[in-house]
Amino acid sequence: MIQIKKIKKKFGNIEVLKEIDLNISKGEIVAILGPSGSGKSTLLRCINLLEQPNDGQIIFNDENILNKKCDINVVRQNIGMVFQNFNLFPNMTVLENIIVAPTKVKKVKKQDAINDALNILDRVGLLDKQNAYPSQLSGGQKQRIAIARALAMKPDVMLFDEPTSALDPEMVKEVLDVMKELANEGMTMAVVTHEIGFAKEVANKVVFMDEGYILEEGIPQDIFNNPKYKRTKQFLDKVL
Ligand code: ADP
Ligand code: MG
């Protein structure tokens with residue numbers, strides 16, 4: 001579904017991504033691990049063009065999305081993104097947060113968008129919060145709404161950037177459970193996370209990033225039980 005070919009990203013003189021190659025197949029769950037500053041967020045942000053890579057190709061649904069002729073807005077509609085800090089619109093209710101992009105960007109009829117939103121809210125277990133404002137929700141609830149909002153666009157792939165890192169420990173599970181369910185339903189996902197349990201249980205592929213490179217990638221069993229590199233082992237020893 002997504003082929004990342006030799007992408008590079010610089011901020012000023014600093015090379016933050018140094019020739020990254022990565023494939024994400026349909027239905028695959030890719031967990032991206034690595035120390036702070038290794039380029040994980042930048043990689044995700046390049047995939048949905050929040051950052052423009054300096055070099056390389058990103059093929060998404062058979063099109064190079066770095067090509068100038070490619071419509072960034074269409075690409076973004078098909079790639080859902082969930083951030084560490086939820087990024088909900090504070091002045092809108094939960095329901096309004098979820099229907100705003102489908103109605104404004106995709107021109108879905110309001111009643112259809114509402115029906116869809118209610119279905120999705122039910123899936124994430126928050127139907128009763130449809131008229132609440134974000135400030136009235138717990139962190140875990142906010143993140144489940146952020147996931148619902150992304151799903152409302154019916155994306156082909158979902159990108160998660162440390163979706164549980166800002167949550168109190170007791171709220172991590174409710175968010176991971178929603179993500180597991182999505183994975184079981186066949187959603188294609190790339191997840192930057194320090195939740196090794198989630199990666200072991202749910203991921204088909206684990207990618208370990210270090211200093212702008214993908215140092216190693218493989219099935220969870222190999223990466224966690226038998227890492228090739230000392231850097232990977234050192235990192236895992238710290239987070240496990
Ligand atoms: P990670 O998500 O793995 O912690 P990031 O992708 O956020 O890493 O950052 C990688 C490096 O790029 C860091 O050194 C960070 O300071 C730098 N960086 C990220 N975004 C920017 C930016 N917009 N401008 C300048 N430097 C940035
Ligand atoms: Mg990050």
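This section describes the strand arrangement of a predicted model and the surroundings of ligand 1.

In the unreviewed UniProt entry, residues 2-236 are listed as "domain: ABC transporter". Within the model, this span is 37% helix and 26% strand, and the C-alpha atoms at its two ends lie 27 Å apart.

Two open sheets are considered here in turn. One of them consists of six strands in the order S6-S7-S8-S3-S9-S10, with mixed pairing. Its edges are occupied by strand S6 (79-82) and strand S10 (213-218), each of which has a single partner strand, so that one side of each is left without a neighbour in the sheet. On average, and with direction ignored, neighbouring strands of this sheet are turned by 15° against each other. Within the same order of strands, strand S7 (residues 157-161) and strand S8 (residues 188-192) run parallel and are joined by five bridges, and Asp 161 is found opposite Val 192 in S8.

The other sheet, also open, is built from four strands in the order S2-S1-S4-S5, and its pairing is antiparallel. Here strand S2 (14-24) and strand S5 (63-64) take the edge positions; each has a single partner strand, and one side of each therefore remains without a neighbour in the sheet. Strand S1 (residues 2-11) pairs with strand S4 (residues 55-60) in the antiparallel sense over five bridges, while eight bridges join S1 to S2, again in an antiparallel arrangement. Ile 2 illustrates both pairings, as this residue stands opposite Phe 60 in S4 and opposite Ile 24 in S2. Two residues lie between the strands in the hairpin of S1 and S2, where Gly 12 adopts a positive phi near 60°. In a regular strand, the side chains alternate between the two faces of the sheet.

The shell around ligand 1 comprises Phe 11, Val 16, Pro 35, Ser 36, Gly 37, Ser 38, Gly 39, Lys 40, Ser 41 and Thr 42. Classified by residue type, this shell contains three nonpolar, six polar and one charged residues. Helix H1 (residues 40-47) makes the greatest contribution to the shell, supplying three residues.

Several oxygen contacts to the ligand can be described for individual residues of this shell. A polar side-chain atom of Thr 42 is placed 2.5 Å from an oxygen atom of ligand 1, and an N or O atom in the side chain of Ser 41 lies 2.9 Å from an oxygen atom of the ligand. For Ser 38, by contrast, the contact involves the backbone, with an N or O atom located 3.2 Å from an oxygen atom of ligand 1. Ligand 1 exposes 560 Å² when taken alone, and 56% of that area is buried by the protein.

Technical notes:
Residues are numbered from 1 along each chain as its sequence is written. Chains are lettered from A and ligands numbered from 1 in the order in which they are written. This is a predicted model: local features need pLDDT of at least 70, side-chain atom pairs count only at pLDDT 80 or more; totals for chains, interfaces and linings use all residues. Side-chain values use heavy atoms; hydrogens and water are left out. A residue is near a molecule or strand if one of its heavy atoms lies within 4 Å of it. A polar contact is a pair of N or O atoms within 3.5 Å; within protein, one must be able to donate a hydrogen and the other to accept it, and residues adjacent in sequence count only if both atoms are side-chain atoms. Accessible areas come from the Shrake-Rupley method with a 1.4 Å probe; for residues, only the protein chains shown count as cover. Ala, Val, Leu, Ile, Met, Phe, Trp, Tyr, Cys and Pro count as nonpolar, Asp, Glu, Lys and Arg as charged, and the others, Gly among them, as polar. UniProt positions are given in the numbering used here, feature names are shortened, and annotations may be inferred rather than shown by experiment. Two strands pair if DSSP finds at least two bridges between them. Axes are lines fitted to C-alpha atoms, for helices over the stretch in contact, and angles run from 0 to 180 degrees between N-to-C directions.
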